[in-house]
Amino acid sequence: MRLVRNLPTPTSNTLRVLLLENSETDAELIARELQRSNLRAVMERVDSEEAFTAALQSFAPDIVLSDHSLAQFDSRAALEILRAVRPTAPFIIVTGAFTDVQTVAAVRAGAEDLILKASLGRLVPSISNALAVRRPLQALTERQIEVLKLVAQGYRTRDIASRLKLGIKTVESHRYAMMKRLRVHEVAGLVRYAIRVGLVPLEIGSRDRVSPA
Amino acid sequence: MPKRNDASTPIQLETVPAVRLSRSVTTPIRVLMLEDNEADAQLIRHELHRAGLTTVTERIDSENAFTSAVRDFEPDVVLSDHSLGQFDSFSALEILREVRPTAPFIIVTGSITGAQSVASIRAGAEDLVLKACLSRLAASISDALAIRRPLNKLTERQVQVLRLVTQGHRTRDIAKRLGLSVKTVESHRGEIMKRLGIHDVVGLVRYAVRVGLVAAAK
């Protein structure tokens, strides 16, 4: 499986898994689950906000597995940071327990899945599915992904051009190329796809440009 | 479209008999319960009453009864158990979306897996409430109705057009499908945006996905 662009060639077949987890024992169980599968994965474990933020840059994960709550940090905050730094990487919550309220909030915020540590057998299929849903994004350049995100946030071409310091014509051509590569031919489809992969949250918040009156 | 919960009629929080009173007094919320256990239905009614929601409830427990009740009972909200013998909440949600696309669908269940929860929310369910946490239910219903209040400003036709627009259909296709002229569809589109206070297609799509009028892609 070729999973991400812009990685050094020797590792381009390897799935880079960043694990936000404060229990070493649980991390081992998760590592074992990945090893048992066909996924070729390398995993790095972090357990603080600082280490998480640093690892997003230095480790460049393809996917993040996150415990729901860690002393000073939680999955919600982690997801927000991930979306800003690596917007296309899926975020799967792997936790001992979660409530119905937390489940709904996590999905609306853009989490891909929630897995109980008691049901780790679901982990590998969930990862495969998360990557399959995002495969079309691999056809896009980083710039096109940025444009997609801004379009789905409700910015118009002119705003996008001025935000990214590009010409309007350039943004238009990015939009066109992006739609062609995703094989989505209207804005509605782009937005629904961007929501599905968590590029924009399903919950319509105050920080968005778009919200109903 | 139900005119019962329009923007000028907030949900009343005082307890009054659950009958259809004139709109100036209060407007009961019509709650359709897809639930095969009458004891659980009683607990739900009790909880709504205790929380001070004025409701009219109807309980059904089969696909046929559900399909007719969605038409005849005209629910403002559907509370659905997750699995009922031959029928489940996913199928129920699909039926509801075709017939009463604006009514929120809340899953009220004894247990549900993480995978089913995630899939339900993606499919457009509004919330999941465990039967062990029924005290959350009234607030969940109120929130669900509040976020849909802008939809009460639309006619049934406009809701249809909104759904088709957010599914990605072009004005010309929508006109053809609904047997309307392109001009009429254009004027519906303009009116929808005006009434919802949302001025671009992106905003319409995000709102429609949030209220479950359409699902996120794929």
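Which domains does the domain assignment of chain A give?

## Domains of chain A

The model described here is predicted. In chain A, the domain assignment yields domain 1, covering 9-135, and domain 2, covering 140-196. Taken over C-alpha atoms, the centres of domain 1 and domain 2 of chain A are separated by 27 Å.

## The sheet of chain B

Chain B contains an open sheet of five strands with parallel pairing, in which the strand order is S2-S1-S3-S6-S7. The edges are occupied by strand S2 (55-60) and strand S7 (127-130) of chain B; each has a single partner strand, so one side of each is left without a neighbour in the sheet. From one strand to the next, the twist averages 25°.

Within this order, strand S3 (residues 77-80) of chain B pairs with strand S6 (residues 105-109) of chain B in the parallel sense, over three bridges. Val78(B) has Phe105(B), in S6(B), as its bridge partner.

## The contact between chains A and B

Chain A contributes 28 residues to the contact and chain B contributes 32 residues. On the side of chain A that touches chain B, at least two residues each are supplied by helix H4 (100-109), strand S7 (113-116), helix H6 (142-152) and helix H9 (187-196) of chain A. The largest share of this side, eight residues, is provided by H9(A).

Classified by residue type, the side of chain A that touches chain B comprises 18 nonpolar, three polar and seven charged residues.

Definitions and conventions:
Residues numbered from 1 in each chain as written. Chains lettered and ligands numbered in written order. Predicted model: local features only at pLDDT ≥ 70, side-chain atom pairs only at ≥ 80, totals over all residues. Pairing = 2+ DSSP bridges. Helix = DSSP H or I, 4+ residues; strand = E, 2+ residues; numbered from the N terminus. Axes fitted to C-alpha atoms, helices over the stretch in contact; angles between N-to-C directions. Domains from an automatic or database assignment. Contact = placed C-beta atoms within 7 Å. Nonpolar A, V, L, I, M, F, W, Y, C, P; charged D, E, K, R; others polar.
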